[in-house]
Amino acid sequence: MFASTVPHSRADERPDRVDATDVILTGDRPTGSLHLGHYAGSLRSRLALQGQCAQTLLIADLQALTDSAGRAKHVMQHVPEVALDYLAVGIDPAQTTIAVQSRLPALAELTVLYLNLVTVARLERNPTVKAEVELRGFERDIPAGFLCYPVSQAADITGFRATLVPVGDDQLPMIEQTNEIVRRVNRLAGSSVLPECRALLSSTPRLPGVDGRKASKSLGNAIPLSATNDEIRQLVRAMYTDPGHARASDPGRVEGNVVFAYLDAFDPDAEAVSELKVQYQRGGLGDMPLKRRLEGVLEALVTPIRTRRSELARDRAYIMDVLRAGSERAGVTTGAVLRDVRAAFGLDASHPPVREIGLDAA
Ligand code: TRP
């Protein structure tokens, strides 16, 4: 029934790995606009897969609150921004459902049910959570919602009976934990109520920020999908290359060189890039011609995205309609899954309705 389940070992984004019966679900926290790292890491595969099987993109606003409950206003403002990013890169709402997590109460109820299938010790061992706890400096003051967000993410994935999740490699532990929950639900039910899922990893390694550190909005080292040509030029000029490559005639290093990381990710002419690497390592190739090449590549990629984004941004009502319609459609899917999972827990529909047992009396 389900597509082949290699739960988390495949690293490719070739659409031929995908079956027409696959169901794709992936999501983004709306904490800022998306950047080229998101594009190389997962947006590009979502685009490549669009139309080949069912696909939903979830704007995970509730998950964005798990590490700072106070920024709801910021998060809410970024929900339509992320939707704009999706549409600008070519996500077509007629083929891909775009839904907002907080509009799908079934996901919250699934989360509550799944919390009974997971131990605190297991959550504390989740490598993604561990790394993020460290990054955010929570130490012992971890919000319970943050510790439990892998369970909420399992609800997101299973709420659509997703089989394929295009994500970055930092999310692999989430897929593993989701499949553990799936197996427990199926064991409770005595049948395959939910399918296991597998990750779809990008073939491009994680893209660094221009300074060589992890790309992040707060560090200002990521290239936004809506960057102007001037911004692109400035960021490319600031890119970390090889500090030991002071003169063009010196041999240079390719590993850890951010310009090559971006050329590898985006230059359509891979052969030319590997020749440039040979030249660079041998000596005789300066940073400037490389950076100019990269500027051209990125301008060609980003210009149509930026143009489309600013056209779409003028029609806010349209964006809101896309989100409303997508969330409604997703509500039907997740509601049906919730009914099955409630039944798996033995909370089935044969229970008397609320009115009969008098719970709604004022
Ligand atoms: N955790 C993901 C991130 O931080 C976002 C996300 C939320 C997600 N729900 C998801 C990803 C479901 C894949 C599937 O980027």
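In this predicted model, Arg 161 is partly exposed, with a relative accessible area of 26%, a value that falls between the limits of under 20% for buried and over 50% for exposed residues. The residue is placed in the loop that runs between helix α8 and strand β4 (164–166), and its backbone has a positive phi of about 50° although Arg 161 is not a glycine. Most residues other than glycine have a negative phi.

Helix α8, which comprises residues 149–158, precedes this loop. The helix is largely enclosed by the rest of the structure, because 10 of its 10 residues are buried. The buried residues are Tyr 149, Pro 150, Val 151, Ser 152, Gln 153, Ala 154, Ala 155, Asp 156, Ile 157 and Thr 158. Among them, Gln 153, Asp 156 and Ile 157 also belong to the residues around the ligand. An α-helix has 3.6 residues a turn, so residues three or four places apart point the same way.

The remaining residues around the ligand are drawn from several parts of the chain, and include Leu 25, Thr 26, Gly 27 and Arg 29, together with Ala 60 and Gln 63, as well as Val 165, Val 167 and Gln 171. Polar atoms of three side chains approach the ligand: a polar side-chain atom of Arg 29 lies 3.2 Å from a ligand oxygen, an N or O atom in the side chain of Gln 153 is 2.8 Å from a ligand nitrogen, and an N or O atom in the side chain of Gln 171 is 3.2 Å from a nitrogen atom of the ligand. Taken alone, the ligand exposes 370 Å², of which the protein buries 89%.

Leu 25, one of the residues around the ligand, stands opposite Thr 56 in strand β2. The pairing of strand β1 (residues 23–28) with β2 is parallel and extends over 6 bridges. Between these two strands the chain passes through helix α1 (residues 36–49), and the resulting β-α-β crossover is right-handed. Strand β2, which spans residues 54–59, is mostly covered, with 5 of its 6 residues buried. A further parallel pairing, over 5 bridges, joins β2 to strand β3 (residues 96–100), and in this pairing Gln 55 stands opposite Thr 96 in β3.

The loop between β1 and α1 contains His 35, which counts as buried because its relative accessibility is 10%, below the limit of 20%. A polar atom of the His 35 side chain lies 3.0 Å from the backbone nitrogen of Gly 37. When residues up to four places away in sequence are not counted, His 35 touches Ala 215, Ala 222, Ile 223, Pro 224 and Leu 225.

Helix α11 (residues 258–266) is likewise covered: 7 of its 9 residues are buried, so the helix is largely enclosed by the rest of the structure. The buried positions are Val 258, Val 259, Phe 260, Tyr 262, Leu 263, Ala 265 and Phe 266, and the elements that cover them include α1, α12 (270–282) and α13 (287–313). At the N-terminal end, α11 is capped by Asn 257, a side-chain oxygen of which lies 3.1 Å from the backbone nitrogen of Val 259.

Within α11, Tyr 262 is buried, with a relative accessible area of 2%. Apart from residues up to four places away in sequence, Tyr 262 touches Leu 36, Leu 207, Pro 208, Gly 209, Val 210, Ile 223, Met 239, Asp 267, Leu 294 and Leu 298. One of these partners, Ile 223, is also touched by His 35. Tyr 262 and Met 239 are 23 residues apart along the chain, and their C-alpha atoms are separated by 10.0 Å.

Another partner of Tyr 262 is Leu 294, which lies in helix α13 and is buried, with a relative accessible area of 0%. On the same sequence criterion, Leu 294 touches Val 236, Met 239, Val 259, Tyr 262 and Leu 263, and three of these residues, Val 259, Tyr 262 and Leu 263, are among the buried residues of α11. By contrast, Leu 294 and Pro 127, 167 residues apart along the chain, have C-alpha atoms separated by 34 Å.

Definitions and conventions:
Residues numbered from 1 in each chain as written. Predicted model: local features only at pLDDT ≥ 70, side-chain atom pairs only at ≥ 80, totals over all residues. Heavy atoms only, no water. Buried < 20%, exposed > 50% of the residue type's maximum accessible area, 1.4 Å probe, protein only. Helix = DSSP H or I, 4+ residues; strand = E, 2+ residues; numbered from the N terminus. Pairing = 2+ DSSP bridges. Right-handed = clockwise from strand over helix to strand, strands pointing away. Near = heavy atom within 4 Å. Polar contact = N/O pair within 3.5 Å; in protein donor to acceptor, adjacent residues only side chain to side chain. Areas by Shrake-Rupley, 256 points an atom, 1.4 Å probe, with all protein chains shown as cover. Contact = heavy atoms within 4.5 Å.
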